Amino acid sequence: MADTQGKVITCRAAVAWGPEEPLVIQEICVDPPQKMEVRVKILYSSICHTDLGAWTGVNEAERAFPRILGHEAVGIVESVGEGVKDVKEGDYVIPTFNGECGECRVCTNGVSNLCERYKVDPMKRLMVNDGGTRFSTTTNKDGSSSQSQRVYHFLNTSTFTEYTVLDSACVVKIDPNAPLKQMSLLSCGVSTGVGAAWNTANVKEGTTTAVFGLGSVGLAVAEGARARGASRIIGVDANASKFEKGKLMGVTDFVNPKDLTKPVHERIRELIGGGVDYSFECTGNVDVLREAFLATHAGWGSTVLVGIYLTPRTLPLHPMELFDGRRITGSIFGGFKPKSQLPNFAQQCMKGVVKLEPFITNELPFEKINDAFQLLRDGKSLRCLLQISKLLKK
Ligand code: NAD
Ligand code: ZN
Ligand code: ZN
């Protein structure tokens, strides 16, 4: 049994104090896990665009500071709360922002992965058990001491900290022999993209796909479509530096909107007589979503929304446009039910069905987390892996 079990742990975390304010690495206190909660030592965490969106605070309703961001990680269970049966101290786990309780009406039916109790909720900042936080600090952002103040949770996970507390529904056990750094990618980006292609769109062999936005999520869509045997994969991005990586993930044609004098969908309809079978919107831009929708073939084209839209604008379609027979749907966490389906997906990745290694473009120590945010913001990284704490034994 860990000698920290049942005790408060003092450790380092990167605390976000306000929109776009540099994260502050400081000491925080992490309470023991309560009933059906798990305390996890985070080993590696990477940064997803959704962290960037929460940090910039564009959507004011979702703001909550001070807060510990981060949702893409891998770690080791330090201790578990009362009633937790499926993981124990020493297990290797990945946190999941979209949980699975295994008991609600959604979890017990095969159709959706949006668990009634633990599905992703960008507004959520407190633990469900008691409406409190498990994080607190006694220092302000400038290092001066303060009364104990609570630090909010983020996306069911909060991984930019040496220790975090999660609901057990949001913890997935993985093979201890799996490559840990790469497993972090399954916590969000790669599962989201590959799952969107496999589970949501169900991309078939010999079909055509267009992917809008070639960050980790979009490139994972491409990799998923490649693994399914898509014949053409068109990658659309305004940052041409993404095209080199795209080739590795099976992207066959590249379109840079900046090089065009016509709308992107017209170019795609020219490239693939009439339009693609599937399109995926992975930028979070509503205008790009319209292009993705119109880039599919009338009659059967299918568009999957993956980006997170921080704007209050609504769907950029006229209802009559749906009479052309194009379909549109959203995908959270690639449609994967995390606890029941991710371990199998991890095995497939380890067998090489999906390549993980190219997604890690940078590695930095925890202290450099603000540099890692900047790399993603500048379009210079896919995933920058931060070493949050050291693995003492394995
Ligand atoms: P990223 O920043 O690494 O990649 C986004 C890419 O889109 C970049 O390459 C950028 O150059 C490109 N882009 C942006 N605006 C563009 C435009 N107008 N035209 C063409 N290209 C443009 O982000 P990511 O981590 O890959 O995440 C992608 C999106 O997916 C984000 O909105 C993120 O919040 C969302 N997301 C959704 C889920 C989900 O479950 N649905 C999960 C993870 C991430
Ligand atoms: Zn994410
Ligand atoms: Zn459930």
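How many aromatic pairs does the count come to? The count comes to seven aromatic pairs, and one of the views below takes a look at such a pair. Please keep in mind that this is a predicted model.

**Figure 1. An edge-to-face pair formed by Trp198 and Phe345.** Let's begin with the two rings themselves. A pair of aromatic rings is described by the distance of the centres and the angle of the planes. For tryptophan 198 and phenylalanine 345, the centres are 5.6 Å apart and the planes make an angle of 85°. Because planes over 60 degrees apart count as edge-to-face, this pair earns that label. Tryptophan 198 belongs to helix H3 (residues 189-200) and phenylalanine 345 to helix H8 (residues 338-350), so the pair ties together parts of the chain that are 147 residues apart in sequence. Both rings sit on buried residues: Trp198 has a relative accessible area of 10%, and Phe345 has a relative accessibility of 1%.

**Figure 2. One aromatic cluster that includes Trp198 and Phe345.** Step back from the pair and you will find its companions. Phe97, Phe333 and Phe336 join Trp198 and Phe345 in one aromatic cluster. Phe333 is worth remembering for Figure 4, as this residue is also among those that come nearest to ligand 1.

**Figure 3. The zinc ion (ligand 3) and its cysteine donors.** The SG atoms of Cys101, Cys104, Cys107 and Cys115 are the protein donors here, and they lie 2.3 to 2.4 Å from the zinc ion. The four donor atoms subtend angles of 104 to 117° around the metal, which makes the arrangement tetrahedral. For comparison, the ideal angle for four tetrahedral donors is 109.5 degrees. Along the chain, the donors of this zinc ion follow the spacing C-x2-C-x2-C-x7-C. Cysteine 104 and cysteine 115 are eleven residues apart, and each is in the loop between strand S5 (92-95) and strand S6 (135-139). Cysteine 104 and cysteine 115 are both buried.

**Figure 4. The surroundings of ligand 1.** There are 28 residues around this ligand, and His49, Thr50, Asp237, Val306 and Phe333 come nearest. Three polar contacts are a good place to start looking. An N or O atom in the side chain of histidine 49 is 2.6 Å from an oxygen atom of ligand 1. A polar backbone atom of valine 306 lies 2.9 Å from a nitrogen atom of the ligand, and a backbone N or O atom of serine 331 is likewise 2.9 Å from a ligand nitrogen. Taken alone, ligand 1 exposes 870 Å², of which the protein buries 87%. Helix H1 (49-56) and helix H4 (216-227) are the elements that give two or more residues to the shell around ligand 1.

Notes:
Residues are numbered from 1 along each chain as its sequence is written. Chains are lettered from A and ligands numbered from 1 in the order in which they are written. This is a predicted model: local features need pLDDT of at least 70, side-chain atom pairs count only at pLDDT 80 or more; totals for chains, interfaces and linings use all residues. Side-chain values use heavy atoms; hydrogens and water are left out. Donors are N, O and S atoms within 2.8 Å of the metal (3.2 Å for Na, K and Ca); water is not among the atoms, so sites may look incomplete. Four donors count as tetrahedral if all angles lie between 85 and 135 degrees; four count as square planar and six as octahedral if opposite donors are over 155 degrees apart and all others between 65 and 115; anything else is irregular. Helices (H or I, at least four residues) and strands (E, at least two) are DSSP runs, numbered from the N terminus. Buried means under 20% relative accessible area, exposed over 50%, partly exposed in between (1.4 Å probe, protein chains only). Rings of Phe, Tyr and Trp (its six-membered ring) pair if their centres lie within 6.5 Å; planes under 30 degrees apart count as stacked, over 60 as edge-to-face and the rest as tilted. A residue is near a molecule or strand if one of its heavy atoms lies within 4 Å of it. A polar contact is a pair of N or O atoms within 3.5 Å; within protein, one must be able to donate a hydrogen and the other to accept it, and residues adjacent in sequence count only if both atoms are side-chain atoms. Accessible areas come from the Shrake-Rupley method with a 1.4 Å probe; for residues, only the protein chains shown count as cover.
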